[in-house]
Amino acid sequence: MNIVVCIKQVPGSSKVDIDEATGVLRRDGAEAKMNPYDLYALETAVRIREQVGGRVVAVTMGPGQAEEMMKEAYMMGVDDAYIFSDRKFAGADVLATAYTISQGILAIGDFDLIVCGKQTTDGDTAQVGPAIAEYLKIPHTAWVGGIPQVTEDKIVVEQDLVNITQTAEMKLPCLITVEKDIYTPRLPSYKLKMATKERPVHILTFDDFKDKNEKNYGLNGSATNVERIFPPAVSDDHVYFEGDSTEKIQALYGMLADKKYVNV
Ligand SMILES: Cc1cc2nc3c(=O)[nH]c(=O)nc-3n(C[C@H](O)[C@H](O)[C@H](O)COP(=O)(O)OP(=O)(O)OC[C@H]3O[C@@H](n4cnc5c(N)ncnc54)[C@H](O)[C@@H]3O)c2cc1C
């Protein structure tokens, strides 16, 4: 089975540098780590390969510095690693990101299963996985918390919906996004580090993609644009309510209603 796992580098700390002029994150040179949710995607992909055989290819869209993360993916058991990197991909919103990743996956070749994390810790939209599936016109299930069965041509998944678990069967090729806790991610292995240290991380650029229409990538391909990104204001203001518990509850409820946190 050809398994693709999508992993993304996210800021390693909450102190992020923002380009004032464009309103986008400055990712180059910033401290970065693998999106924690993608560790579960990686573990899922490697376990499925261990069960049914095949190959796991890790892919990411981002700057060249993602190579370090891809080396970590090698240490966790992936067979091959690709970075989709090009100035033309810069400034991508969810749609353009998902489109670029879908084009990159097509450029690599045949695939049976694509595994994504549930969400990232920076963009946090949880939309990229399903959007990739839509672009590739394949079925998908998000929030997968268990995989009771997987064979060469189908996968049975348990989808965690808030109060119920729904079991779905999908024919391959398809895409899943996995919940944290689906499996415990393995630690990077020193043995694999040694075995894979010469293994290259491939870079694919715009020129490697079939769709050469620049309007579909980066800022040009983005339906949305960021007006401003800013850290939330930190305030240590306190509000004290006087009175008995009923009066305090009414005062608190009134304040929340005024701020439109609750519907009156
Ligand atoms: C309006 C808007 C404008 C933006 N503009 C910019 C910008 O100008 N510059 C910029 O750097 N960012 C920008 N972003 C952020 C960028 O769109 C997101 O980083 C990207 O769409 C991924 O979305 P997400 O982080 O919400 O991923 P989610 O949908 O939360 O991620 C789900 C899963 O998809 C996979 N995935 C997500 N992103 C990647 C990736 N890059 N490579 C591989 N797998 C991935 C992972 O498996 C991940 O666990 C913008 C976002 C928005 C909403």
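**Exercise 1. A bridge across the chain**

Task: In this predicted model, find which parts of the chain the salt bridge between Asp 122 and Lys 8 links.

Solution.
- Step 1. Look at the two side chains. Asp 122 and Lys 8 meet in a salt bridge, with N to O at 2.8 Å.
- Step 2. Place each residue. Asp 122 is in the loop between strand 6 (113-117) and helix 4 (128-136). Lys 8 is in the loop between strand 1 (2-6) and strand 2 (9-11).
- Step 3. Check the spacing in sequence. The residues are 114 residues apart, and the pair links distant parts of the chain.
- Step 4. Classify the exposure. Asp 122 has a relative accessible area of 23% and is partly exposed. Lys 8 is partly exposed too, at 24%.

This salt bridge belongs to a structure that holds 9 of them.

**Exercise 2. A network around Arg 186**

Task: Work out which residues are linked with Arg 186 in a network of salt bridges.

Solution.
- Step 1. Start with Glu 43. Glu 43 forms a salt bridge with Arg 186, and the closest N and O atoms are 2.9 Å apart. Glu 43 sits in helix 1 (residues 36-52), while Arg 186 sits in the loop between strand 10 (174-178) and helix 5 (190-196). They are 143 residues apart.
- Step 2. Go on to Glu 50. The side chains of Glu 50 and Arg 186 also meet in a salt bridge, at 2.9 Å from N to O. Glu 50 lies in helix 1 and Arg 186 in a loop, so the pair ties together parts 136 residues apart in sequence.
- Step 3. Put the network together. Glu 43, Arg 47, Glu 50 and Arg 186 are linked by salt bridges.
- Step 4. Sort the residues by exposure. Buried means under 20% relative accessible area. Glu 43 has 2%, so this residue is buried. Arg 186 is partly exposed at 28%. Glu 50 is partly exposed at 49%.

**Exercise 3. Reading the sheet**

Task: Give the strand order of the open sheet, and explain why strand 9 and strand 11 each have one side without a neighbour.

Solution.
- Step 1. Write down the order. The 9 strands run 9-8-7-10-6-1-4-5-11, and the pairing is mixed.
- Step 2. Recall the rule. Strands of a sheet pair through backbone hydrogen bonds, either parallel or antiparallel.
- Step 3. Find the edges. Strand 9 (165-171) and strand 11 (202-204) stand there, each with a single partner strand, so one side of each has no neighbour in the sheet.
- Step 4. Note the turn. Neighbouring strands are turned by 35 degrees against each other on average, direction ignored.
- Step 5. Zoom in on one pair. Strand 4 and strand 5 pair in the parallel sense over 5 bridges. The partner of Val 59 is Tyr 82, in strand 5.

**Exercise 4. Helices on the sheet**

Task: Describe how helix 1 and helix 2 are placed on the strands.

Solution.
- Step 1. Take helix 1. Helix 1 packs on the sheet and touches several strands, including strand 1, strand 4 and strand 6. Its direction makes about 150 degrees with that of strand 6.
- Step 2. Take helix 2. Helix 2 lies across strand 4 and strand 5, at about 160 degrees to strand 5.
- Step 3. Look inside helix 2 (residues 67-75). Met 69, Met 70, Ala 73, Tyr 74 and Met 75 are buried.
- Step 4. Apply the helix rule. An α-helix has 3.6 residues a turn, so residues three or four places apart point the same way.
- Step 5. Ask what covers the buried residues of helix 2. The cover includes strand 2, strand 3 (32-34), helix 1, strand 4 (55-61), strand 5 (80-84) and helix 5.
- Step 6. Move past the end. Just after helix 2, Gly 77 takes a positive phi of about 115 degrees.

**Exercise 5. Backbone exceptions**

Task: Say what is unusual in the backbone at Pro 173, Asp 124 and Lys 137.

Solution.
- Step 1. Set the baseline. Most residues other than glycine have a negative phi, and most peptide bonds are trans.
- Step 2. Check Pro 173. The peptide bond from Leu 172 to Pro 173 is cis, with omega near 0 degrees. Pro 173 is in the loop between strand 9 and strand 10.
- Step 3. Check Asp 124. Its phi is positive, near 65 degrees. Asp 124 is in the loop between strand 6 and helix 4, and is partly exposed at 43%.
- Step 4. Check Lys 137. Its phi is positive, near 55 degrees. Lys 137 is in the loop between helix 4 and strand 7, and is exposed at 75%.

How values were computed: Residues numbered from 1 in each chain as written. Predicted model: local features only at pLDDT ≥ 70, side-chain atom pairs only at ≥ 80, totals over all residues. Heavy atoms only, no water. Salt bridge = Lys/Arg side-chain N within 4 Å of Asp/Glu carboxyl O. Helix = DSSP H or I, 4+ residues; strand = E, 2+ residues; numbered from the N terminus. Buried < 20%, exposed > 50% of the residue type's maximum accessible area, 1.4 Å probe, protein only. Contact = heavy atoms within 4.5 Å. Pairing = 2+ DSSP bridges. Axes fitted to C-alpha atoms, helices over the stretch in contact; angles between N-to-C directions.
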